Amino acid sequence: MKLEQLLAKCPKCGSKDKTAQRKILDEHKAHAELKAVVCDECGHIFETGEKNSEKNKEKEEG
């Protein structure tokens, strides 16, 4: 997510407060993957980490 997108207002409620939800990797306790970027007020999901995890799987297989 680009900085401009991170600072943008929520299209549903207009809030600028967002939370990055992460999933801690079991094999590496200090590393995490992005689950989603979510609006604190209404719960609108701006971005999910599913796209990134699919790309990582393709790199590992290929």
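1. In this predicted model, 24% of the protein's contacts with a separation of 6 or more are between residues 24 or more positions apart.

2. The protein has two helices and three strands, and along the sequence these follow the pattern α-β-β-β-α. Of the 62 residues in the protein, 16% are buried. The protein exposes about 5300 Å², with carbon and sulfur atoms supplying 47% of that area.

3. Lys18 deserves a look. Lys18 belongs to strand β1, which covers residues 18–24. Lys18 is buried but has no salt bridge. The nearest side chain of opposite charge is that of Asp17, 7.6 Å away; this pair does not count as a salt bridge because the cut-off is 4 Å between a side-chain nitrogen and a carboxyl oxygen.

4. What does the side chain of Lys18 reach at 2.5 Å? The partner is the backbone oxygen of Ala8. The backbone oxygen of Leu6 is also reached by the Lys18 side chain, at 3.0 Å.

5. Leaving aside residues up to four places away in sequence, Lys18 touches Gln5, Leu6, Leu7 and Ala8, and also Val37, Val38, Cys39, Asp40 and Phe46.

6. Leu6 lies in helix α1, residues 3–7. Is Leu6 buried or partly exposed? Leu6 is partly exposed, because its relative accessible area is 39% and buried means under 20%. Together with Leu3 and Leu7, Leu6 makes a nonpolar surface patch of about 300 Å². Leu6 thus has a place in this patch and also offers its backbone oxygen to the side chain of Lys18.

Definitions and conventions
Residues numbered from 1 in each chain as written. Predicted model: local features only at pLDDT ≥ 70, side-chain atom pairs only at ≥ 80, totals over all residues. Heavy atoms only, no water. Helix = DSSP H or I, 4+ residues; strand = E, 2+ residues; numbered from the N terminus. Buried < 20%, exposed > 50% of the residue type's maximum accessible area, 1.4 Å probe, protein only. Lys, Arg positive; Asp, Glu negative; His and termini not counted. Polar contact = N/O pair within 3.5 Å; in protein donor to acceptor, adjacent residues only side chain to side chain. Contact = heavy atoms within 4.5 Å. Patch = residues over 30% accessible without salt bridge, like charges linked within 9 Å, V, L, I, M, F, W, Y side chains within 5 Å. Areas by Shrake-Rupley, 256 points an atom, 1.4 Å probe, with all protein chains shown as cover.
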